[in-house]
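User: Could you walk me through this model? I'd like to start with the overall picture and then go into some local details.

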Amino acid sequence: MVTNTVGEGVIVEESRLPPGQYVPRGRPVIHYGRVPQFKPDTWDFRVFGATASGEEHRFTWADFGGLPRTSVIADFHCVTKFSLMGNEWAGVSAADLMAVAPPAGGVGHVMIWAEYGYSANLRMSDFEATGTLFATDLDEKPLSPERGYPLRIVVPHLYAWKSVKWVRAVEYLVEDRRGFWEERGYHNVADPWKEQRYSYQEEPGEGPP
């Protein structure tokens, strides 16, 4: 496998770095808006929309902590062009969440909802991918508040704005809708290997009508 020097003297495997990305020194943190305060006694996580039962599923912090745990080692690619390599995320896989709160037939997309009404949409194929999980820990430590504590979704094969911090809900959708950044000109799919950064790059079928 070919290696290459990128960024400021950091060596990575060339085949792991999407086009236009570089590896920085340190671990930059970017987020929109202020960091919310976590209140475990009142925090909840909801799964709603087109559920198989037709009912909303609600989890307290204790409930969520009782779900099966898994870990994923994956790279993380920000649309601002830096990549953080080999991160170890731990939490609840999207597949395990769907096992206890399944979608109805015909669900093709999900909306991830976070504090302050922030959102990002995902195709179901991206949501149920092997590496997608709701992370509580990074590199064997709880997430810092700036990185999404207590819970963030991680979708490592897409640009990182889809890996929403401070997640509070999943909405199952039978029709796609754009999330916060997608409504503001970002690409609906966000594949870093295709450099899908902006909505003007979308091909027919890649975004809502």
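**Overall fold and local details**

Analyst: The protein chain has three helices and 12 strands, and please keep in mind that this is a predicted model.

User: What radius of gyration does the protein chain have, and what would a compact globule give?

Analyst: The protein chain has a radius of gyration of 17 Å, which agrees with the value near 17 Å that a compact globule of 209 residues would have. Taken along the principal axes, the C-alpha atoms fill a box of roughly 50 × 40 × 35 Å.

User: And how much of the protein chain is buried?

Analyst: Buried residues account for 48% of the 209 residues. The protein chain exposes about 10,200 Å², and carbon and sulfur atoms supply 50% of that area. As for contacts between residues at least 6 apart in sequence, 61% of them join residues at least 24 apart.

User: Switching topic, what does UniProt list for residues 33-181?

Analyst: The UniProt record, an unreviewed entry, lists residues 33-181 as "domain: Oxidoreductase molybdopterin-binding". In the model that span is 11% helix and 39% strand, and its end C-alpha atoms lie 13 Å apart.

User: Which way do the side chains point along strand E4?

Analyst: They alternate along E4 (residues 57-60): His57 and Phe59 point to one face and are buried, whereas Arg58 and Thr60 point to the other face and are not buried.

User: How do E3 and E4 run, parallel or antiparallel?

Analyst: Strand E3 (residues 44-49) and E4 run antiparallel and are joined by four bridges. Arg58, on the face of E4 that is not buried, is the bridge partner of Arg46.

User: OK, backbone oddities next. Where is Lys81, and what is its phi?

Analyst: Lys81 sits in the loop between strand E5 (70-77) and strand E6 (83-93), and its phi is near 95 degrees, a positive value in a residue other than glycine. With a relative accessible area of 40%, Lys81 is partly exposed.

User: What about Glu140, is that one buried or exposed?

Analyst: Glu140 counts as exposed because its relative accessibility is 69%, where the cut-off for exposed is over 50%. Although Glu140 is not a glycine, its phi is positive at about 65 degrees, and the residue lies in the loop between strand E9 (133-138) and E10.

User: One last thing: is the peptide bond from Tyr149 to Pro150 cis or trans?

Analyst: That peptide bond, from Tyr149 to Pro150, is cis, with omega near 10 degrees. Pro150 belongs to the loop between strand E10 (141-142) and strand E11 (152-154).

Note on methods: Residues numbered from 1 in each chain as written. Predicted model: local features only at pLDDT ≥ 70, side-chain atom pairs only at ≥ 80, totals over all residues. Heavy atoms only, no water. UniProt positions renumbered as here; feature names shortened; annotations may be inferred. Helix = DSSP H or I, 4+ residues; strand = E, 2+ residues; numbered from the N terminus. Buried < 20%, exposed > 50% of the residue type's maximum accessible area, 1.4 Å probe, protein only. Pairing = 2+ DSSP bridges. Rg over C-alpha atoms; globule rule 2.2 N^0.38 Å. Contact = heavy atoms within 4.5 Å. Areas by Shrake-Rupley, 256 points an atom, 1.4 Å probe, with all protein chains shown as cover.
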